[in-house]
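I opened this entry to look up where empty space is left in the structure, beginning with the pockets and ending with the cavities.

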Amino acid sequence: MSTAEIGLIGLGTMGAALASNIADNGFDIAVFNRTTSVTNEFHATAGELAAKITPTETLEDFVAAIAKPRAIILMVPAGDPVDQQIAALRPLLDDDDLIIDAGNALFHDTNRRAREATAPFLGIGVSGGEEGARFGPAIMGGGKREYWDRVEHILKAISAKFQDEPCATYMGEEGAGHFVKAVHNGIEYADMQMIAEVYGVMRDGMGMSAAEIGATFARWNEGPLASYLIEISGEVAKATDPASGKAMLDIIVDAAGQKGTGRWTAIEAQHLAAPIPAIEAAVVARNLSSRMDERAAGEDLFGTAPQKIDSITLDQLEQALIAGKVLCYAQGFTMIEAASDSYGWSLPLPSIAQNWRAGCIIRSAMLDDMATALGENPDRNLMFAPVFADYLKANHKALREVVAAGALGGVAMPALSSGITYFDAMRTKRGTANMIQGQRDYFGRHGFAKFGVDGKDHHGPWAD
Ligand code: 6PG
């Protein structure tokens with residue numbers, strides 16, 4: 001019986017949540033998982049949604065259960081499993097059946113799959129973790145518009161809503177959706193890292209307990225920093241480990257994991273020559289966090305840093321985070337603009353900010369202002385938009401003071417310090433690259449431009 005309006009393969013955490021969301025929104029869905037017991041368990045525990053779900057044991061049965069032209073969502077691990085799943089599925093499908101990769105794919109892979117595809121294919125980024133997938137994620141679509149149009153009603157229905165506006169947006173051709181998702185994750189890394197850095201100042205520099213830190217984040221969540229990430233940071237800091245009775249945060253090992261999307265963003269930024277130092281610093285910080293033995297050896301060799309920080313207040317920390325956040329998002333959006341030009345995607349910057357206002361991990365009050373500012377002028381770096389320029393004018397001094405205090409106290413702040421460096425570089429009319437140009441010309445006759453003189457290929461007296 002081909003009655004399901006859509007199919008989904010891969011009932012891991014995200015796939016199961018997304019399938020339930022689709023069923024919950026009234027769509028009949030066929031599901032398949034490589035391990036049949038997972039499929040059966042999913043169906044058996046679906047409660048009243050079970051009536052909307054068709055569990056299947058073979059790919060053939062799965063395909064047969066979906067109404068034509070079919071639309072099939074893949075929620076399998078990124079990389080080879082996606083290619084393998086497509087290869088297994090395609091021979092069973094009709095020419096106009098649509099495959100949608102909704103995993104965290106590298107956008108270059110999505111570009112390739114879209115180009116190689118002899119039948120309809122979409123790559124969509126889905127953000128919001130398990131809860132988002134279940135109750136409303138932010139969705140970033142890429143591929144041919146006509147394929148998006150076929151499933152837009154389903155994707156909009158299951159997406160998060162910001163003031164009734166669905167957070168499911170078509171971004172552009174081929175891997176555009178997965179590219180935007182990768183930048184989202186890069187920003188996510190930097191936002192998380194900056195929060196972790198101010199946590200470090202509070203814990204090591206100011207001697208605050210996890211509970212006090214949790215209460216501070218909760219208070220900040222009432223102001224300009226209001227966001228999902230600040231909210232959950234407060235929750236994490238306040239939590240107690242039921243087994244030991246200790247603060248949960250104090251017994252979580254300080255080595256960050258990563259699946260790679262932030263790293264992809266940093267690598268791609270280098271290809272695009274897009275400056276995103278906060279995101280790069282956040283990736284570096286995660287890599288460094290994993291080198292636990294080396295860090296311990298370093299502490300043995302060099303001793304602990306002084307660390308007591310009594311020269312700054314919690315208000316200054318909040319202000320530093322506000323400035324850092326503005327700079328980090330400004331960098332992320334300029335990278336999207338660079339990719340838009342470079343790949344000819346016409347990425348809709350205002351719609352991207354709008355799309356991130358609900359459902360996704362980086363949703364925040366500030367994103368609403370970003371959507372407005374980008375709507376006024378999508379080509380302008382956000383740090384120059386009046387509302388964000390005002391934030392920076394009011395808060396960059398605190399960012400500078402916090403970074404300086406951290407440096408003196410020995411509390412590492414890679415992302416926040418990269419923020420103030422970016423800010424200073426971006427407001428310095430006369431920089432220092434003239435020295436680089438002189439050096440390049442000295443050793444390699446690379447030539448340079450001169451103020452007040454036409455031409456780009458002048459040489460210094462050392463050429464003789
Ligand atoms: C989201 C998240 C989601 C997830 C990453 C975790 O938007 O829902 O970005 O994709 O958090 O897979 O990434 P790391 O393991 O790299 O932190």
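Before reading off any lining, I note that a pocket is an open set of grid points with protein on both sides within 12 Å along at least five of seven lines, and that its lining residues have an atom within 4 Å of a point. I also keep in mind that this is a predicted model.

**Second largest pocket.** I looked up this pocket's lining and found 40 residues, of which M14, V76, P77, N104 and K259 lie nearest the centre. The elements that give two or more residues to this lining are α1 (13–24), α4 (80–89), β6 (121–127), α6 (129–135), α8 and α12 (261–272). Among them, α8 supplies the largest share, six residues. I then asked where the second largest pocket lies with respect to domain 1 and domain 2. Domain 1 (6–174) and domain 2 (182–426) both give residues to its lining, so the pocket lies between them. Its volume is about 1200 Å³, and by class I count 16 nonpolar, 18 polar and six charged residues in its lining.

**Largest pocket.** I turned next to the largest pocket, which holds about 1800 Å³ of space. Its lining is made up of 44 residues, with A196, Y199, R203, D254 and S289 nearest the centre. Two or more residues each come from α8 (176–205), α10 (228–238), α11 (248–251), α13 (277–289) and α14 (292–302). Which element gives the most to this lining? I find that α8 does, with ten residues. The classes here are 26 nonpolar, ten polar and eight charged residues.

**Cavities.** I searched for cavities of 30 Å³ or more, and the structure holds two. The largest cavity has a volume of about 40 Å³, and the residues lining it are D191, M194, I195, L225, S227, I230, L321 and K325. Both α8 and α15 (314–343) supply at least two residues of this lining, and α8 gives the most, with three. I sorted the lining of the largest cavity by class and recorded five nonpolar, one polar and two charged residues.

The second largest cavity encloses about 30 Å³ of space. I list its lining as A330, F333, T334, E337, L349, L374, R380, N381 and L382, and the largest share, four residues, comes from α15. This lining divides into five nonpolar, two polar and two charged residues.

**Looking back.** I return to α8, which gives the most to the lining of the largest pocket, the largest share to that of the second largest pocket, and the most to that of the largest cavity.

How values were computed. Residues numbered from 1 in each chain as written. Predicted model: local features only at pLDDT ≥ 70, side-chain atom pairs only at ≥ 80, totals over all residues. Heavy atoms only, no water. 1 Å grid on protein atoms, 1.4 Å probe; cavity = no way out; pocket = protein on both sides within 12 Å on 5 of 7 lines; lining within 4 Å. Points joined across faces, edges and corners; volume = space filled by probe spheres on them. Nonpolar A, V, L, I, M, F, W, Y, C, P; charged D, E, K, R; others polar. Domains from an automatic or database assignment.
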